[in-house]
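Trainee: I should like to learn how to read the features of a structure that is new to me. May we begin with the cysteines and then turn to the charged side chains?

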Amino acid sequence: MMQNVHLAPEEDEDDLYSGYNDYNPTFDTEDLENDTAFQQAARTSHGRRPPSKTTLSSSMGRPVTGAAQDGVSRPMTAVQAAGYTKAAIRGSLFDPLGQARGPAPPLEMKNPDSSEEKIRQLEKKVNELVEESCIANSCGDLTLALEKAKEAGRKERVLVRQREQTATSESINLDLTYSVLFNLASQYAANEMYAEALNTYQVIVKNKMFNNGGRLKVNMGNIYLKQRNYSKAIKFYRMALDQIPSVHKDMRIKIMQNIGVAFIKTGQYMDAVSSFEHIMSLSPNLKAGFNLLVCYFAIGDSEQMKKAFQKLLAVPLEVDYDDKYVSPNDDPHTNLLIEAIKNDSLRQIERERKSMAEDYIMAAAKLIAPVLEPSFAAGYDWCVEAVKASHYVELANDLEINKATTYLRQRDFNQALEAFKTFERKDSRVKSAAATNLSFLYYLEKELTQATTYADLAVSSDRYNPAALTNKGNTVFANEDYEKAAEFYKEALRNDCSCTEALYNLGLTYKKLNRIDGALDCFLKLHAILGNSAQVLHQIADIYEIMEDPNQAIEWLMQLISVVPTDPHVLSKLGKLYDKEGDKSQAYHYYYESYRYFPSNIEVIEWLGAYCIDTQFCEKAIEYFERAALILPTQVKWQLMVASCYRRSGNYQKALEKYKVIHQKFPENVECLRFLVRLCTDMGLKEVHEYLTKLKKVEKLKEIREQRIKSGRDGSARNRREGSAGGDAGGSKGERLSAKLKALPGTSEPYESSSSKAIDASYTDPLGPQAERPKTAARKRTEEDDFADEELGEDLLPE
């Protein structure tokens with residue numbers, strides 16, 4: 001045994017590869033053709049020796065191969081693989097590699113016109129269409145995917161007919177037919193063509209040649225679930241469950257979970273509980289645990305809710321915790337490996353799974369905490385203790401913060417403040433969250449000092465918290481330091497580009513700084529993120545109005561009323577823009593819609609009344625001005641407009657009665673008295689002299705008041721000049737003049753209460769500019785003069 005072992009010589013220790021080329025020349029077959037002795041032996045009787053008639057036995061008593069046993073020769077089949085055949089007996093040469101046979105014959109050319117080749121190419125085309133349909137579906141092009149699936153179905157039917165015509169129907173590819181039908185049904189379902197999808201699935205299920213077609217009843221159940229036909233969905237789920245063997249455990253669990261969801265949809269919570277309890281006993285998972293808790297919540301069983309919540313906390317996540325990604329030493333190789341796996345795809349899956357578990361647990365705690373105990377605070381305390389005893393210890397602080405925000409929703413601000421203040425001594429993340437909420441509370445209460453203090457605390461605890469930076473920017477914005485506020489909002493966006501609050505506030509800040517382009521850019525970005533947000537759309541329209549682009553403003557306001565069609569402010573703004581553009585009909589439409597939803601907007605009422613007067617619908621204008629008079633009963637303007645509408649429509653009796661009512665409420669109103677005199681004169685009534693007398697008294701009183709005010713102004717002006725020139729003497733003279741003015745009656749009354757300017761301001765004609773009445777002469781007046789003045793002033797008075 002040791003003869004083939006080669007030991008390296010001691011003097012050549014450095015030659016590691018010595019001995020590999022040594023071989024036994026007995027096994028050298030390269031020179032057998034040149035070996036004369038071997039060739040001679042192969043040609044002589046030594047190579048063609050007939051088998052011996054005597055039985056040869058080996059040393060172990062086993063018959064020799066090829067020897068005759070009991071007079072029967074054994075065939076030498078064991079050496080055929082080495083090239084020893086019967087042909088060697090007839091004098092053929094030893095040719096184990098078959099080199100004497102020559103080259104292989106050439107391959108036969110394919111006939112493209114043969115039926116077999118056409119069938120093969122058609123089958124290949126069907127497979128390509130199915131693949132293209134699946135790829136289009138994965139890319140989101142559902143219409144193209146359906147078209148490809150239909151085309152594959154048509155070509156597959158052509159393929160089957162060709163096989164039948166060529167009498168090769170026994171070689172029909174059932175797998176191809178199954179894949180074509182299944183893909184077509186899937187594409188129908190993806191395009192929400194549920195009836196066609198169900199029909200296609202029925203074709204597969206009813207065909208007994210498809211072995212696993214019964215499993216597709218799960219897909220049929222899913223379609224019925226989407227159609228809200230829950231009873232049929234449960235029926236097909238159960239049929240599929242019966243046809244799936246128990247070895248497919250995961251599939252059976254998923255079907256049972258669908259059955260439980262369908263029972264929840266139908267309100268059969270006890271049946272759903274049995275399904276989810278069975279799942280939690282076999283293979284607990286987060287979805288089944290949460291659905292079980294929802295069922296017990298719907299039933300109202302608090303004890304079972306607690307047990308279900310504990311089962312949810314005990315669901316294994318099968319993820320490695322963060323300790324795995326912390327290097328135990330300073331080994332560079334280990335550190336490099338940890339850095340490589342910190343953010344790999346497996347680590348991302350672990351994070352997603354952990355985040356999903358935390359979301360389920362938080363949602364479950366928020367759901368059951370208010371109903372577990374008599375008070376929601378006790379319920380939250382129980383949930384916090386249960387969470388602390390599980391793997392999700394870090395969620396306990398989040399639950400306590402959620403407890404404080406629940407106090408906010410219940411408007412119990414004192415309890416909320418106390419709850420948030422308990423976090424001031426905890427770790428930085430929780431402290432920052434609590435301080436952010438405290439800053440928000442004090443900001444709403446307009447206590448800017450406290451809001452600023454807690455905003456600073458939140459930012460110092462976590463500089464990368466976008467909510468804290470946004471609140472800090474809000475406090476600076478309230479102090480009108482807009483540049484600094486913009487910097488905080490920008491920093492919040494750098495930390496979290498999806499912080500929509502910071503982006504919205506930045507747009508408002510740019511508006512305050514008159515950076516209109518920057519503000520428009522912010523709100524357009526928000527529109528791309530939030531879609532149809534009413535506030536964002538309103539801001540964009542307002543910016544275009546500031547930029548004096550009414551067409552764009554109208555376009556964005558039209559988008560806004562598609563979101564909030566009953567907002568009276570937006571409708572009135574649209575009416576105002578159309579009025580500026582000169583489109584009175586559209587302006588009237590939107591002003592009227594605004595009035596219909598909010599009939600107390602004085603600007604809208606005034607415009608509608610003026611429009612009706614302009615279009616000669618005075619009776620319709622009366623309705624609007626009467627409502628304005630009802631809203632503002634102390635303003636004489638609206639009641640005068642009502643009387644004016646009666647007079648314009650020719651109803652002088654109603655106008656006279658209305659003017660009399662106005663005169664009783666406002667006896668010193670000059671305009672009312674003038675119209676009373678005019679109407680009484682035209683109608684030949686005796687009260688004309690009474691109203692003339694009252695008109696003269698009011699006008700006289702008006703002139704006296706104007707003179708007093710004028711003299712008071714002149715005296716104060718002289719007093720200021722003499723005081724600056726004469727010193728103390730002028731000051732005493734000014735005091736005497738001021739005392740004399742104070743002694744006059746009526747001088748202490750405000751100028752606006754009795755002057756013609758006050759009357760003009762309270763009664764303006766919406767159809768044209770207001771003209772003042774000419775001043776009267778200083779001579780003694782007669783009644784004819786009064787009538788003459790009335791005739792002259794008729795065209796000047798507002799109608």
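Mentor: A disulfide is a pair of cysteine sulfur atoms within 2.5 Å. The structure shown is a predicted model, and a search of the whole of it finds zero disulfides.

Trainee: Where is the nearest cysteine sulfur to cysteine 612?

Mentor: The nearest one belongs to cysteine 645 and is 8.7 Å away, and cysteine 612 is in no disulfide. Cysteine 612 counts as buried because its relative accessibility is 3%. Cysteine 295 is also buried, at 0%.

Trainee: How many salt bridges are there?

Mentor: Side chains of opposite charge can pair when their charged atoms come close. Here the count comes to 18 salt bridges. In one of them, arginine 463 meets glutamate 491, with 2.8 Å from N to O. This pair links distant parts of the chain, 28 residues apart: arginine 463 is in the loop between α18 and α19, and glutamate 491 is in helix α20.

Trainee: Is glutamate 491 buried or exposed?

Mentor: Glutamate 491 is buried, with a relative accessible area of 16%, whereas arginine 463 is partly exposed at 41%.

Trainee: Which residue forms a salt bridge with glutamate 606?

Mentor: Lysine 637 does, the closest N and O atoms being 3.1 Å apart. Glutamate 606 lies in helix α27 and lysine 637 in helix α29, so the pair ties together parts that are 31 residues apart in sequence.

Trainee: Which residues are linked in a network of salt bridges?

Mentor: Lys511, Asp542, Glu545 and Lys573 are linked in this way.

How values were computed: Residues numbered from 1 in each chain as written. Predicted model: local features only at pLDDT ≥ 70, side-chain atom pairs only at ≥ 80, totals over all residues. Heavy atoms only, no water. Buried < 20%, exposed > 50% of the residue type's maximum accessible area, 1.4 Å probe, protein only. Salt bridge = Lys/Arg side-chain N within 4 Å of Asp/Glu carboxyl O. Helix = DSSP H or I, 4+ residues; strand = E, 2+ residues; numbered from the N terminus.
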